[in-house]
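Me: Hi! I have a model open and a few quick things to ask. Can we go through it together?

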Amino acid sequence: MPFNRNNTQELHVPQSKDLDRRRANVRYVEATNRLSGCSVSKCMAAKIEEYASGYLSLAELLVEAKKMHSAPEPSSFSEE
């Protein structure tokens, strides 16, 4: 979240038109998930709702999705 001059967090909520576009995108993703038989975790569903409400940007949502769904880094041990 960006900070303003007073070093306090500033919440930038998108305008109504942008929120309508976000909601439409979320409905589309939900519909395609249902058609393909995919389900979304409760945690990811909450993040998607934050995006639809304007509290997360698309870039932030993608970072969260990658964190939740990426495989852990392999350990750096060497086999002998």
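Me: Is Val40 buried, partly exposed or exposed?
Reply: This is a predicted model, and in it Val40 has 38% relative accessibility, so Val40 counts as partly exposed. The range for that class runs from 20% to 50%.

Me: Where does Val40 lie?
Reply: Val40 is in the loop between α1 and α2.

Me: And which residues does Val40 touch, leaving out those up to four places away in sequence?
Reply: Those would be Asn33, Ala45 and Ile48. As for Glu30, 10 residues from Val40 in sequence, the C-alpha to C-alpha distance is 8.7 Å.

Me: Nice. Now the helices: how do α1 and α2 run relative to each other, parallel or antiparallel?
Reply: Roughly antiparallel. The axes of α1 (residues 16-36) and α2 (residues 42-53) cross at roughly 150° and come within 8 Å; an angle over 145 degrees counts as roughly antiparallel, so the label fits.

Me: Which residues make that contact?
Reply: From α1 there are Leu19, Arg21, Arg22, Arg23, Asn25 and Val26, and from α2 there are Ile48, Glu49, Tyr51, Ala52 and Ser53. Sorted by type, the residues of this contact are five nonpolar, two polar and four charged.

Me: Zooming out, how many helices and strands are in the protein chain?
Reply: Three helices and zero strands, giving the pattern α-α-α along the sequence.

Me: What share of the protein chain is buried?
Reply: Buried residues are 18% of the 80 residues. The accessible surface of the protein chain is about 6,800 Å², with 55% of that belonging to carbon and sulfur atoms.

Note on methods. Residues numbered from 1 in each chain as written. Predicted model: local features only at pLDDT ≥ 70, side-chain atom pairs only at ≥ 80, totals over all residues. Heavy atoms only, no water. Axes fitted to C-alpha atoms, helices over the stretch in contact; angles between N-to-C directions. Helix = DSSP H or I, 4+ residues; strand = E, 2+ residues; numbered from the N terminus. Parallel < 35°, antiparallel > 145°, perpendicular 65-115°, else oblique. Contact = heavy atoms within 4.5 Å. Nonpolar A, V, L, I, M, F, W, Y, C, P; charged D, E, K, R; others polar. Buried < 20%, exposed > 50% of the residue type's maximum accessible area, 1.4 Å probe, protein only. Areas by Shrake-Rupley, 256 points an atom, 1.4 Å probe, with all protein chains shown as cover.
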